[in-house]
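User: Please take a close look at one part of this model for me, namely the sheet and the nonpolar core around it in the second chain, and then set that part in its wider context. I would like one connected account that I can follow with the structure open beside me.

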Amino acid sequence: MGWIADTVDSVKSIQLRQALIQIVNLGLIVSSALMIWKGLMCITGSESPVVVVLSGSMEPGFKRGDILFLHMSKDPIRTGEIVVFNIDGRDIPIVHRVIKVHERQDTGEAYILTKGDNNDMDDRVLYNHGQNWLQNHHIMGRAVGFLPYVGWVTIMMTEKPVLKYILIGALGLLVITSKD
Amino acid sequence: MHSFGFRANALLTFSVTILALLCAIASLSDNLNSPSPSAQVQVLNINWFQKQPNGNDEVSMTLNISADLQSLFTWNTKQVFVFLAAEYETPKNSLNQISLWDGIIPSKEHARFSIHTSNKYRLIDQGSNFRGKEFNLTLHWHVMPKTGKMFADKIVIPGYRLPKEYR
């Protein structure tokens with residue numbers, strides 16, 4: 001009767017091996033996604049290499065749900081460029097166009113004023129009280145490329161977190177149960 | 001191997017790849033276009049020119065801007081953002097760039113224009129350097145694609161000078 005035990009053992013070992021392979025696969029997907037993100041951060045020199053447009057203040061150029069690719073180079077900021085900036089004490093970065101630049105002779109520090117293409121007023125109303133200019137440390141990057149609509153996925157996920165869990169759960173299930 | 005899930009996955013992957021490829025090709029095709037835009041700008045009048053109570057000079061002027069930017073448009077162009085900036089140097093600042101007027105050109109038909117306007121944004125110096133100041137007017141444009149890389153260029157028109165006295 002030894003061959004029955006042998007068969008059971010071999011079946012068991014196959015399943016264990018397959019489960020391990022699936023787990024390794026899952027880890028591979030997660031780590032490669034992380035590698036791509038961190039790699040992009042390295043190449044572009046920006047904390048967040050890709051941002052999603054959340055408001056209509058830059059219409060008709062950028063609509064809600066469009067994706068912007070950022071780049072943070074050493075080149076000084078000039079008027080007309082679309083920059084992403086973060087006001088001190090606020091979480092959500094803003095994507096607007098530079099309309100005025102004053103660059104200091106001695107330090108190279110720039111004083112920057114921005115405005116949304118679709119807004120009537122410049123951004124002094126958005127800045128902190130008494131703040132007239134943005135300076136270099138407020139700037140997170142400048143927009144260099146553009147991809148329409150793709151950002152809707154993330155907007156939907158942040159607004160309806162249930163969707164996120166369903167998607168992650170389904171993907172996880174798919175990876176674990178699929179057989180090569 | 002040939003389950004519904006696998007086929008759906010393969011189809012989705014394939015279509016996303018093709019879409020990404022098409023977007024990349026559309027963006028790259030912009031490089032084939034070699035535009036030849038032209039622009040003229042005249043300062044018709046200095047409306048007023050004064051020192052603000054806080055010590056900064058401010059000037060208001062009437063401009064005539066005419067340009068032909070039709071050659072910038074390709075099949076991948078969503079819009080062209082065009083603006084006129086005053087650029088000058090002061091002892092304190094190595095560069096001052098102040099946008100005076102801007103506009104969005106939605107299509108090729110509107111890309112040849114001539115407008116008569118006073119400055120839309122206030123031309124204020126950081127300090128009091130405007131009397132007799134020589135400055136450039138630069139017409140910049142930023143081409144926004146339907147997808148892909150944005151690019152920009154400019155025409156510098158030098159040789160403007162502000163009056164020697166406030167008025």
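**From the helical span to the core**

Analyst: In this predicted model, residues 19-37 of chain A form a span that is 100% helix and 0% strand, with its end C-alpha atoms 28 Å apart. UniProt, in an unreviewed entry, lists these residues as a "transmembrane region", together with residues 162-178 of chain A. The same kind of record, again unreviewed, gives residues 39-144 of chain A as "domain: Peptidase S24/S26A/S26B/S26C". Over residues 39-144 of chain A the make-up is 6% helix and 33% strand, and the end C-alpha atoms of this stretch are 17 Å apart.

The domain assignment cuts chain A into domain 1 (1-44), domain 2 (50-149) and domain 3 (151-180), and the C-alpha centres of domain 1 and domain 3 of chain A lie 20 Å apart. Chain B, which holds the part you asked about, is divided into domain 1 (1-32) and domain 2 (34-161). The centres of these two domains of chain B, taken over C-alpha atoms, are separated by 41 Å, yet 5 residues of domain 1 of chain B are in contact with 7 residues of domain 2 of chain B. On the domain 1 side of that contact in chain B, the residues divide into 2 nonpolar, 2 polar and 1 charged.

Now to the sheet itself. Strand E7 (residues 134-145) of chain B is a good place to begin, for 10 of its 12 residues are buried and the strand is thus mostly covered. Strand E3 (residues 77-88) of chain B runs antiparallel to E7(B) and is joined to it by 10 bridges, and within E7(B) it is B:Val143 that stands opposite B:Val80. E7(B) is also joined to strand E9 (residues 151-161) of chain B, through 9 bridges and again in the antiparallel sense, with B:Phe135 standing opposite B:Tyr160 in E9(B).

B:Val80 leads on to the core, since it is among the residues with the most contacts inside the largest nonpolar core, along with A:Leu68, A:Val95, B:Leu69 and B:Val82. That core has 53 residues, and E3(B) gives the most to it, with 7 residues. In soluble globular proteins, nonpolar side chains tend to be buried together. B:Leu69 shows how parts of chain B meet: leaving aside its neighbours within four places in sequence, B:Leu69 is in contact with B:Pro37, B:Val80, B:Val82, B:Ile105, B:Ala111 and B:Trp141.

The residues named for this core come from chain A as well as chain B, which leads to the contact between the chains. There, 19 residues of chain A are in contact with 25 residues of chain B. On the chain A side, strand E4 (94-104) and strand E6 (139-147) of chain A are the elements that give two or more residues, and E4(A) gives the most, with 6 residues. The chain A side divides into 8 nonpolar, 6 polar and 5 charged residues. E4(A) also pairs with strand E4 (residues 93-105) of chain B, in the antiparallel sense and over 5 bridges, and here A:Lys100 stands opposite B:Ile98 in E4(B).

Definitions and conventions. Residues are numbered from 1 along each chain as its sequence is written. Chains are lettered from A and ligands numbered from 1 in the order in which they are written. This is a predicted model: local features need pLDDT of at least 70, side-chain atom pairs count only at pLDDT 80 or more; totals for chains, interfaces and linings use all residues. Two residues are in contact if their C-beta atoms, placed from the backbone, lie within 7 Å. Helices (H or I, at least four residues) and strands (E, at least two) are DSSP runs, numbered from the N terminus. Ala, Val, Leu, Ile, Met, Phe, Trp, Tyr, Cys and Pro count as nonpolar, Asp, Glu, Lys and Arg as charged, and the others, Gly among them, as polar. Two strands pair if DSSP finds at least two bridges between them. UniProt positions are given in the numbering used here, feature names are shortened, and annotations may be inferred rather than shown by experiment. Domain bounds come from an automatic or database domain assignment. A residue is buried if 20 or more other C-beta atoms lie within 10 Å of its own, exposed if 12 or fewer, and partly exposed in between; C-beta atoms are placed from the backbone. A nonpolar core is a set of buried Ala, Val, Leu, Ile, Met, Phe, Trp, Tyr and Cys residues joined through C-beta atoms within 7 Å.
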